[in-house]
Amino acid sequence: MTPQQTHIDLHRLNSQIGNRSDLLSRLADAFIRQLAPWQTDFAQSLQAGDAEGVGKLLHKMKGSCHAVSATAAALAFEKAEQTLALAAQRQQTGSSKSLDWNGNELLVTLSEIEAEFKRIVAAQSSHSPG
């Protein structure tokens with residue numbers, strides 16, 4: 001996605017939080033703060049072939065995307081949950097020795113959402129009365 005394309009439906013998000021810039025900032029901060037630990041846990045769980053751990057993280061990420069009105073991203077995480085479940089099933093039945101699933105593109109999506117949130121908050125701050 002280019003910087004002009006967005007994951008976050010800002011109109012929808014603002015209607016959910018009542019156009020309150022203080023809530024927008026707090027929501028952005030909470031979303032961004034959880035990304036680094038999730039990325040670390042995701043990489044470790046994926047490397048370990050821990051489908052259950054990765055699945056739990058995907059579910060959290062999907063919920064967070066919904067919470068910040070990044071609906072298309074949330075749907076991508078939902079699809080990834082389903083794809084991961086199939087990969088885990090193949091691994092458990094022995095038809096695959098490894099998890100054979102890589103969700104790194106989802107981490108890129110989260111980074112894009114993070115950058116977008118930072119731009120939104122910065123734009124909001126520059127328009128706030130000082």
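Helix H4 has 23 residues and reaches 33 Å from its first C-alpha to its last, which is close to the 33 Å expected at 1.5 Å a residue; the expected span is 1.5 Å times one less than the number of residues in the helix. The helix belongs to a predicted model, in which local features need pLDDT of at least 70 and side-chain atom pairs count only at pLDDT 80 or more, while totals for chains, interfaces and linings use all residues. Residues are numbered from 1 along each chain as its sequence is written, and side-chain values use heavy atoms, with hydrogens and water left out.

The protein chain as a whole has five helices and zero strands, where helices (H or I, at least four residues) and strands (E, at least two) are DSSP runs numbered from the N terminus. Read along the sequence, the pattern is therefore written α-α-α-α-α. The C-alpha atoms fill a box of roughly 60 × 25 × 25 Å, taken along the principal axes. Of the 130 residues in the chain, 36% are buried, a word that stands for under 20% relative accessible area, with exposed meaning over 50% and partly exposed in between (1.4 Å probe, protein chains only). Among contacts (heavy atoms within 4.5 Å) between residues at least 6 apart in sequence, 67% join residues at least 24 apart.

Returning to H4, its buried residues are Ala73, Ala74, Phe77, Ala80, Glu81, Leu84, Ala87 and Ala88. One of these, Ala88, is 36 residues away from Glu52 in sequence, yet the two are 8.4 Å apart in space, C-alpha to C-alpha. Glu52 lies in helix H3 and counts as exposed, at 56% relative accessibility. Just after H4, Gly94 takes a positive phi of about 85°.

The loop between helix H3 (51-67) and helix H4 (71-93) holds Ser69, which has a positive phi of about 60° although it is not a glycine. Ser69 is buried, with a relative accessible area of 1%. A second serine, Ser64, is found within helix H3 and also counts as buried, at 13% relative accessibility; leaving aside residues up to four places away in sequence, Ser64 touches Phe31, Gln34 and Trp38.

Another positive phi, near 55°, occurs at Asn19, again in a residue other than glycine. Asn19 lies in the loop between helix H1 (10-17) and helix H2 (21-48), and this residue is exposed, with a relative accessible area of 60%.

How do the two helices on either side of that loop meet? The axes of H1 and H2 come within 9 Å and cross at roughly 110°, the axes being lines fitted to C-alpha atoms, for helices over the stretch in contact, with angles running from 0 to 180 degrees between N-to-C directions. H1 and H2 are therefore roughly perpendicular to each other, because angles of 65 to 115 degrees are given that name, whereas those under 35 count as roughly parallel, those over 145 as roughly antiparallel and the rest as oblique. In this contact, Leu13, Asn14 and Ile17 in H1 meet Leu23, Leu24 and Leu27 in H2. These residues divide into five nonpolar, one polar and no charged, where Ala, Val, Leu, Ile, Met, Phe, Trp, Tyr, Cys and Pro count as nonpolar, Asp, Glu, Lys and Arg as charged, and the others, Gly among them, as polar.

Further along, Asp29 lies in helix H2 and is partly exposed, with a relative accessible area of 42%. The C-alpha atoms of Asp29 and Val121 are separated by 9.5 Å, although the residues are 92 apart along the chain.
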